[in-house]
Amino acid sequence: DRGRSLLSSILRGTDAISADTNKSRRNDRNNQCITSAQYYLGFMYYHGQGVGRDYIEAGKLLGSAARFGHAGAQYYLGFMYYHGQGVSQDYKEAVKWFGQAARNDHAQAQNALGDAYRSGQGVKQDYHEAVKWYKKAAVSGIAAAQISLGDMYLNGECVDQDPAEAMKWYMKAAQQGSADARSKLEKIMETMLPKNNLVHRG
C-alpha cells in the first residue's frame, strides 16, 4: 500500500545517505593520509633525510600539503619563502603561510609571526600583534618566543617595562637550556642586585 511504499522510499534514501556519508569519510581519511605523506616527504627533501636535499621538490610537496591545511607544511613553506629556499624570497608570502599555520596552533609559526610583526618584515609593524603571538608561542614552550617576550618586557616595547616579568620568561627559556636566556638573566641580576642591596656579605 501507499504507506509501505513511502516507508520503503525513506529507507532507500537513508541507505543512500549512509553510503554517501561513509564514502565521504573514506575520502577524508584518504586525503589526510596523502596530505601527511606529502608533508613528510617534503620534510625529507628539505632536510636531506633518506634522499638528496632538494628545496625545489620540498617546496612542491610542502605547498600541496599546506594548501590542504597541514599546519607543519604551512610553517615550513613560510620559512622557505622567508629565506628564499627553493622559491623566490617573499616576506609577504612567508607571513601569509606563517599566519595560517599560527591560526592552526603551530607554536613555531606563532613565534615566526611574532618576529614578523615586531620587525615589520612582510607585514606592517605592530608590537601589539607581536606580543600576542609571542605569548601564544611562549606558553607552548618555544624558548625563542620566551626570550623575545622577555626582551619586550625588559625594554618596555608596547608593554609596561617590567624586569620581573622579563626574568620570568628568561627563566622559562633558561630551564630549557638556552644559554642566551641564562646570559640575559645574569646581566639583569648584576644590574639589580647592588641597587636593591641584596648582595650577601659574609
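In the predicted model, the backbone nitrogen of A145 is placed 3.4 Å from a polar atom of the N111 side chain. N111 belongs to helix 5 (residues 107-119). Its relative accessibility is 10%, below the 20% limit, so N111 counts as buried. Beyond its neighbours within four places in sequence, N111 is in contact with A145 and also with Y134, A137, I142 and A144.

The largest nonpolar core comprises 45 residues. L62, Y75, L113 and L149 have the most contacts inside this core. For L113, the contacts outside four places in sequence are V95, F98, G99, A102 and W133. Y75, listed among the core residues with the most contacts, is also a member of an aromatic cluster, as is F98, a contact of L113.

That cluster is formed by Y39, Y40, F43, Y46, Y55, Y75, Y76, F79, Y82, Y91 and F98. The count of aromatic pairs comes to 11. One pair is that of Y46 and Y76, with ring centres 5.3 Å apart and planes at 75 degrees; the angle is over 60 degrees, so the arrangement is edge-to-face. Y46 lies in helix 1 (residues 2-47) and Y76 in helix 3 (residues 71-83), so this pair ties together parts that are 30 residues apart in sequence. Both rings belong to residues that are buried: Y46 has a relative accessibility of 8%, and Y76 has a relative accessible area of 14%.

Two lysines are placed over tryptophan rings. The charged end of K136 sits over the ring of W133, at 5.8 Å from its centre. W133 is also one of the contacts of L113. K172 lies over the face of W169, and the distance to the ring centre is 5.9 Å.

The mean pLDDT of the chain is 88, with 82% of the residues at 70 or more. Confidence is highest in helix 4 (residues 91-103), at a mean of 98, and lowest in helix 1, at a mean of 71. Where pLDDT is low, predicted coordinates should not be read in detail. Helix 1 is the element that holds Y46 of the edge-to-face pair.

Note on methods:
Residues numbered from 1 in each chain as written. Predicted model: local features only at pLDDT ≥ 70, side-chain atom pairs only at ≥ 80, totals over all residues. Heavy atoms only, no water. Core = buried A, V, L, I, M, F, W, Y, C linked by side-chain atoms within 4.5 Å. Buried < 20%, exposed > 50% of the residue type's maximum accessible area, 1.4 Å probe, protein only. Contact = heavy atoms within 4.5 Å. Phe/Tyr/Trp six-rings, centres within 6.5 Å; stacked < 30°, edge-to-face > 60°. Helix = DSSP H or I, 4+ residues; strand = E, 2+ residues; numbered from the N terminus. Lys NZ or Arg CZ within 6 Å of the ring centre and 35° of its normal. pLDDT = per-residue confidence, 0-100. Polar contact = N/O pair within 3.5 Å; in protein donor to acceptor, adjacent residues only side chain to side chain.
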